[in-house]
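Dear colleague,

I am passing on to you the structure we talked about, with the sequence beside it. Please open it first, and then read my notes below with the model in view.

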Amino acid sequence: QHHEPPKWQVTDETAIASLACDGPLVTRAVRLDDAGLEVTDRISTDLPHQVTWTFAPEWEVHATPHAQRWLLTQTDGSVLQLQLESSQPMEVLVSQVIVSPRFLQRRKAMALRVRFTGDLRTRVTPSPLPAAAPAA
């Protein structure tokens, strides 16, 4: 065992996990409500930390005119909005990666890599915009 197992705490609306793995203590709180999904990551030091959101091959990531906000569109027409917030400046990179949805199968998928310090709040909600609206 190369690190301590995560510590878990679950309340009525939020699940919280804390893990120190080869670096600072990382605490992730996940909350699902009627408005959507909210994930808050907090780092115990001032060192940069990276979170990568990797999406299933059927999802595409589209930039919007709003800073730190993206539209996620699925081949079935579903549209979600992903918004990032941090108390410190952050770097965001959208890229294409290779995933393996099934054994011996490799497909291209989109990933959103966020480098931040302190805290990061990721909110995913149904989009008020139609699927045809994403900016290039």
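Please keep in mind that this is a predicted model. A good place to begin is F55, which, if residues up to four places away in sequence are not counted, touches V61, L72, L82, A109, M110, A111 and L112. F55 also belongs to the largest nonpolar core, a group of 19 residues in which F55, L82, L84 and L112 have the most contacts. The elements that give two or more residues to this core are β4, β5 (49-54), β6, β7 (69-74), β8 (79-85), β10 (107-116) and β11 (119-126), and β10 gives the most, with four residues. As general background, nonpolar side chains in soluble globular proteins tend to be buried together.

Turning to the strands, you will find an open sheet of eight, in the order β1-β2-β3-β4-β11-β8-β7-β6, with antiparallel pairing. Because β1 (7-10) and β6 (59-63) stand at the edges and each has a single partner strand, one side of each is left without a neighbour in the sheet. Neighbouring strands of this sheet are turned by 20° against each other on average, direction ignored. At the β1 edge, the pairing with β2 (residues 14-20) is antiparallel and runs over four bridges, and V10 stands opposite A15 in β2.

A polar residue to look at is D41, which lies in strand β4 (residues 36-43). Is D41 buried or exposed? D41 has a relative accessible area of 1%, and since buried means under 20%, D41 counts as buried. The side chain of D41 makes a polar contact with the side chain of R28 at 2.7 Å, and beyond its neighbours within four places in sequence, D41 is in contact with T27, R28, V51, F116, G118, D119 and L120.

Finally, there are the charged side chains, for which the count comes to seven salt bridges. Which residues are linked in a network of salt bridges? They are R31, D33, E38, E85, R121 and R123. Within the network, R31 meets D33 at 2.7 Å, N to O, while D33 also meets R123 at 3.4 Å, a pair that links strand β3 (residues 25-33) to strand β11 across 90 residues. R123 counts as buried at 13% relative accessibility, whereas D33 counts as partly exposed at 27%. E38 and R121 form a salt bridge at 3.0 Å, and this pair joins strand β4 to strand β11, the two residues being 83 residues apart.

With best wishes

Technical notes
Residues numbered from 1 in each chain as written. Predicted model: local features only at pLDDT ≥ 70, side-chain atom pairs only at ≥ 80, totals over all residues. Heavy atoms only, no water. Pairing = 2+ DSSP bridges. Axes fitted to C-alpha atoms, helices over the stretch in contact; angles between N-to-C directions. Buried < 20%, exposed > 50% of the residue type's maximum accessible area, 1.4 Å probe, protein only. Polar contact = N/O pair within 3.5 Å; in protein donor to acceptor, adjacent residues only side chain to side chain. Contact = heavy atoms within 4.5 Å. Core = buried A, V, L, I, M, F, W, Y, C linked by side-chain atoms within 4.5 Å. Salt bridge = Lys/Arg side-chain N within 4 Å of Asp/Glu carboxyl O.
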